[in-house]
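Subject: Structure for you to look at

Hello,

I am passing on the structure we talked about. Please open it alongside this message and follow the notes below.

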Amino acid sequence: MKKILAVEIKLMLRDWPSVAFSIVLPVVLLVVLGQIPTLRTPDPAFGGQRFIDAQLPAQMILLALLTISFTTLPSVLTTYRERGVLRRMSTTPVHPARLLGAQLLIHLVVALVATVLIIVLGWLVLGSQIPSSIFAFVLVVLFGTAAMLAMGLVIASIAPNSKSAPGIGSIAMFPLMFVGGMWIPREAMPETLRTVSDYSVVGPFINAMRDTWAGQLPQLPHLIVIAVGLALFSGLAVKLFRWE
């Protein structure tokens, strides 16, 4: 497993632009949007916090995780399937599931790096708050990232080839970004749309992150929705994934 992991890391570093994009884009947006004066003013809708204190960093973390899970991961896995890498591995003592596990671990690490950069740069450049409940925040991010990576595996399962995988991922990603509050804050959403957001996995994920930012424990209903999403999409990925 260590050799597979080392090889996959080398291959990822060779294709560094796609990985860098998933990290750089949310970081740049964080810094640029953080310069808007109205976002730096305390808002009663956010409990007296500024938009840049928790809402904006949480949204940029969501953007990074969705980009990694919905475009980068499916593209890599469908390329391997298309080139017959997974099929050839299935004839050796090294089962392709190990390669899949290595890819999931690598993308999890990339997601955590993006999360740390967003928080640290937000704090250094914008003066944003950092999560008050660090331990709870880390657990929420790990939990939410696992759920989104499971969704990415489903996309990799249904994508017919490597060219279509990023497109399918993008089609799924943008509606989730919308209901996650990327363009309209959840507090300003109509009741029907907010209900959709509450059951979308990304909505509860955003709320759970904001709770930990404020020093509170994540609410149980939010964790339940994320857990159900993780179980559902993991099950679908296991059922639908094709090695060749």
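The largest cavity is lined by Val19, Ser22, Ile68, Thr72, His107 and Val110. Please keep in mind that the model is a predicted one. The volume of the largest cavity is about 30 Å³, and a search of the whole structure finds one cavity of 30 Å³ or more. Three of the lining residues of this cavity are nonpolar, three are polar and none is charged. Helices H2, H3 and H5 each give at least two residues to the lining of the largest cavity.

Two of these lining residues also appear in the surroundings of methionine 12. Methionine 12 sits in helix H1, which covers residues 2-14. Beyond its neighbours within four places in sequence, methionine 12 is in contact with Val19, Ile106 and Val110. Val19 and Val110 are both part of the cavity lining. Another lining residue is histidine 107. Methionine 12 and histidine 107 are 95 residues apart along the chain, and their C-alpha atoms are separated by 9.8 Å.

Next, the pockets. What is the volume of the second largest pocket? The value is about 220 Å³. Its lining consists of 15 residues, and Leu33, Leu56, Gln59, Met60 and Met182 are the ones that lie nearest its centre. H2 and H3 are the elements that give two or more residues to this lining. The largest share comes from H3, with four residues. By type, the lining of the second largest pocket divides into 13 nonpolar residues, two polar and no charged.

Now the nonpolar cores. In soluble globular proteins, nonpolar side chains tend to be buried together. The largest nonpolar core here has 48 residues, of which Ile61, Leu66, Phe205, Met209 and Trp213 touch the most other members. Helices H2 (16-33), H3 (55-82), H5, H6 (134-158), H7 (164-179) and H9 each supply at least two residues of this core. H3 gives the most to it, with 11 residues. Apart from this core lies another, of 12 residues, including Leu73, Leu86, Ala156 and Phe241.

Leucine 66 is worth clicking on as an example from the largest core. Not counting residues up to four places away in sequence, leucine 66 touches Thr71, Met148, Met173, Leu176, Met177 and Val202.

Helix H9 spans residues 202-213, and threonine 212 has its place there. Is threonine 212 buried or exposed? Its relative accessible area is 0%, so threonine 212 is buried. The side chain of threonine 212 reaches the backbone oxygen of methionine 209 at 2.7 Å. Methionine 209 is also one of the core residues that touch the most other members. Leaving aside neighbours within four places in sequence, threonine 212 is in contact with Pro131, Ser132, Ser133, Ala136, Phe137, Val140 and Pro218.

Valine 138 can be looked at together with threonine 212. Valine 138 lies in helix H6. The two residues are 74 apart in sequence, and from C-alpha to C-alpha they are 9.2 Å apart in space. Valine 138 has a relative accessible area of 38%, so it counts as partly exposed, whereas threonine 212 is buried.

Just before H9 there is a residue with a backbone angle to note. Valine 201 is in the loop between helix H8 (191-198) and H9. Valine 201 has a positive phi of about 75°, although it is not a glycine. Why does valine 201 count as buried? Its relative accessibility is 7%, and the cut-off for buried is under 20%.

The last residue on my list is leucine 112, in helix H5, which runs over residues 96-126. Leucine 112 counts as partly exposed because its relative accessibility is 31%. Leaving aside neighbours within four places in sequence, leucine 112 is in contact with Val141 and Leu142. Leucine 112 and leucine 5 are 107 residues apart along the chain, and their C-alpha atoms are separated by 17 Å.

Regards

Definitions and conventions: Residues numbered from 1 in each chain as written. Predicted model: local features only at pLDDT ≥ 70, side-chain atom pairs only at ≥ 80, totals over all residues. Heavy atoms only, no water. Buried < 20%, exposed > 50% of the residue type's maximum accessible area, 1.4 Å probe, protein only. Contact = heavy atoms within 4.5 Å. Polar contact = N/O pair within 3.5 Å; in protein donor to acceptor, adjacent residues only side chain to side chain. Core = buried A, V, L, I, M, F, W, Y, C linked by side-chain atoms within 4.5 Å. 1 Å grid on protein atoms, 1.4 Å probe; cavity = no way out; pocket = protein on both sides within 12 Å on 5 of 7 lines; lining within 4 Å. Points joined across faces, edges and corners; volume = space filled by probe spheres on them. Nonpolar A, V, L, I, M, F, W, Y, C, P; charged D, E, K, R; others polar.
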